[in-house]
Amino acid sequence: MQPHTASQSTTTGWNFDNSYARLPQPFYSIQNPTPVKTPGMAIFNRAFAQSIGLDTDTLAGPEGALFFGGNQLPPGAAPIAQAYAGHQFGHFTMLGDGRAILLGEHLAPDGTRFDIQLKGSGQTPFSRRGDGRAALGPMLREYIISEAMAALGIPTTRSLAVVTTGEPVFRDTPLPGAILTRVASSHIRVGTFEFAANFSKPEELRALADYTLARHYPEARQADNPYLELLRSVMTRQASLVAKWQCVGFIHGVMNTDNMALSGETIDYGPCAFMDHYDPATVFSSIDRQGRYAYSNQPPIAQWNLARFAEALLPLLDPDPETAIHLAQEAISEFPALFQGYWLSGMRAKLGLFNEEAEDITLIQDLLTLMHQQQADFTRTFRRLLSSGTLAQEPFFADAAFTDWHAQWQARLNRQPESFHESEAFMRAHNPSVIPRNYRVEEALEAAVTQGNLKVMEMLLEALKDPYADIPAHEEYRLPPPPSEYPYQTFCGT
Ligand code: AMP
Ligand code: MG
């Protein structure tokens, strides 16, 4: 069965272009989504849909479910499965969209280009032994976490809708099937370049690089060496992104090179989670036995992935291979300092520090060390720091070691011209009050998957919309998990 194309006259707001499908042949395979039995809307992101010029009234209804289930194609869509390779846990493999279809690019009224991708929409030539499908729990999980990240101000792909398919997927047990509509600046990954470098012709690699420059880094084309500038620009966005993750305690879980987007958006929410008590060795993914993608490893892994990107770019960096390697190494070696700069400014903001002092790093590290020793909750500790002098409700704040640190921090605040009031506002804007805590996410998924009850998730999403506010009604979402919830693990959940 094939999907049918909606007539151009339907008022849906879709405005498709298909620039990726104009790239050379090896980069994709023409592929329609496989229609599903009974598409039913589980959740539709009205606010986001509206912000990109879609007709929310039409799409929230049965017609929307047809689009988001892959049974009906938006006018102008030219569906493809993208080819890519990647290093998974350090090992190089050919991958590609095995269960995702790029419908094309929707142009918002302001001209912004968004990939519209259906995840879980059937088999493709890249499916290997997979069924091309996805289960409801993991798709809702991606919806919740990606929307929480967006509300936190962290670059991320967005979630437009999740529909149930009316078909089971078979994992360890039969589970309800679902499709997520993912919206992204693009789905060009480090792995897309690894694919080009290993499996396509030199001029095709160049076409991909030119396309990426035009789509994401148009200003880099003016540089003396635009491809070196592309590498540096991607590095800058990744350094900034991973620093933001570290500052909110987000652990991606599967930082394989195919899960690193060149746009600088967080992509592919699998076994990811926010840390509760602070421990730099925290790993959530049940498949990450070596702790490769642990919290404290995220910056060095980002650098490792960028080195794979640089390797793929080598033929474009310079005609002389030795010079190309030298340029690549020089650029990649700058990553730690680049990251450190973003991280320090993020952590200074968390502590209400406007100016810079050389000892700030020690002040920050000392606090983190204390938090680690005492298993203090990462989010709550930072959020409550401002009131820590007067209200010692948290056992952590009553500790003598903390009192010493607090005195030093107060002295540091007094050495800057800004008032305490200004610091407080600054801290409020950089220390979230509500994050998608694992136990709340799991509770919402459990209700949705086993009882078909979406209310729990909708309430959680409501609390996550305004993460820097202190809304009394959301107090319960600020609470750390009860001790029984440890240790927490997320499963790959495909
Ligand atoms: P991920 O772990 O989601 O980043 O996926 C890694 C690779 O496995 C990608 O090439 C996916 O398209 C593929 N994949 C994951 N699940 C499935 C599935 N159920 N059917 C086909 N391919 C899949
Ligand atoms: Mg992936």
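A residue counts as buried when its relative accessible area is under 20%, as exposed when that area is over 50%, and as partly exposed in between. The exercises below apply this definition, among others, to a predicted model.

**Exercise 1. Classify R412 as buried or exposed, and place it in the structure.**

Step 1. The residue R412 belongs to helix α14, which spans residues 400–414.

Step 2. The relative accessibility of R412 is 1%. Because the cut-off for burial is under 20%, R412 counts as buried.

Step 3. Leaving aside residues up to four places away in sequence, R412 touches L353, N355, E356, E357, D360 and L363.

**Exercise 2. Determine how many residues of helix α5 are buried, and identify what covers them.**

Step 1. Helix α5 comprises residues 190–199, and 7 of its 10 residues are buried, so the helix is largely enclosed by the rest of the structure.

Step 2. The buried residues are V190, G191, T192, F193, E194, F195 and A196.

Step 3. Their cover includes the strands β7 (85–88) and β8 (91–94), together with the helices α6 (202–216), α7 (226–248) and α8 (298–317).

Step 4. A196 serves as a single case within α5. Its relative accessibility is 1%, so A196 counts as buried. Beyond residues up to four places away in sequence, A196 touches F27, L205 and L208. The C-alpha atoms of A196 and L313 lie 9.4 Å apart, although 117 residues separate the two in sequence.

**Exercise 3. Compare the two loop residues T156 and G53: which is buried, and which is partly exposed?**

Step 1. T156 lies in the loop between α4 (136–152) and β12 (158–170), whereas G53 lies in the loop between α1 (46–51) and α2 (56–59).

Step 2. With a relative accessible area of 8%, T156 is buried. The corresponding value for G53 is 28%, so G53 is partly exposed.

Step 3. With residues up to four places away in sequence excluded, T156 touches S146, M149, A150, E265, T266 and Y269. The side chains of T156 and Y269 are joined by a polar contact of 2.5 Å. Under the same exclusion, G53 touches G13 and P109.

Step 4. G53 and H474 are 421 residues apart along the chain, and their C-alpha atoms are separated by 30 Å.

**Exercise 4. Locate ligand 1 relative to the domains and describe its surroundings.**

Step 1. The domain assignment of the protein chain gives domain 1 (4–187), domain 2 (191–342) and domain 3 (438–478). The C-alpha centres of domain 2 and domain 3 are 32 Å apart.

Step 2. Domain 1 and domain 2 both give residues to the shell around ligand 1, so the ligand lies between them.

Step 3. There are 17 residues around ligand 1, of which G96, G98, D131, G132 and D268 come nearest. By class, the shell divides into 2 nonpolar, 7 polar and 8 charged residues.

Step 4. Individual atom pairs complete the description. An oxygen atom of ligand 1 is 3.1 Å from an N or O atom in the side chain of D268. For N259, an oxygen atom of the ligand is 3.3 Å from an N or O atom of the side chain. A nitrogen atom of ligand 1 is 3.3 Å from a polar backbone atom of R133. On its own, ligand 1 has 480 Å² of accessible area, and the protein covers 84% of it.

Note on methods. Residues numbered from 1 in each chain as written. Chains lettered and ligands numbered in written order. Predicted model: local features only at pLDDT ≥ 70, side-chain atom pairs only at ≥ 80, totals over all residues. Heavy atoms only, no water. Near = heavy atom within 4 Å. Polar contact = N/O pair within 3.5 Å; in protein donor to acceptor, adjacent residues only side chain to side chain. Areas by Shrake-Rupley, 256 points an atom, 1.4 Å probe, with all protein chains shown as cover. Nonpolar A, V, L, I, M, F, W, Y, C, P; charged D, E, K, R; others polar. Domains from an automatic or database assignment. Helix = DSSP H or I, 4+ residues; strand = E, 2+ residues; numbered from the N terminus. Buried < 20%, exposed > 50% of the residue type's maximum accessible area, 1.4 Å probe, protein only. Contact = heavy atoms within 4.5 Å.
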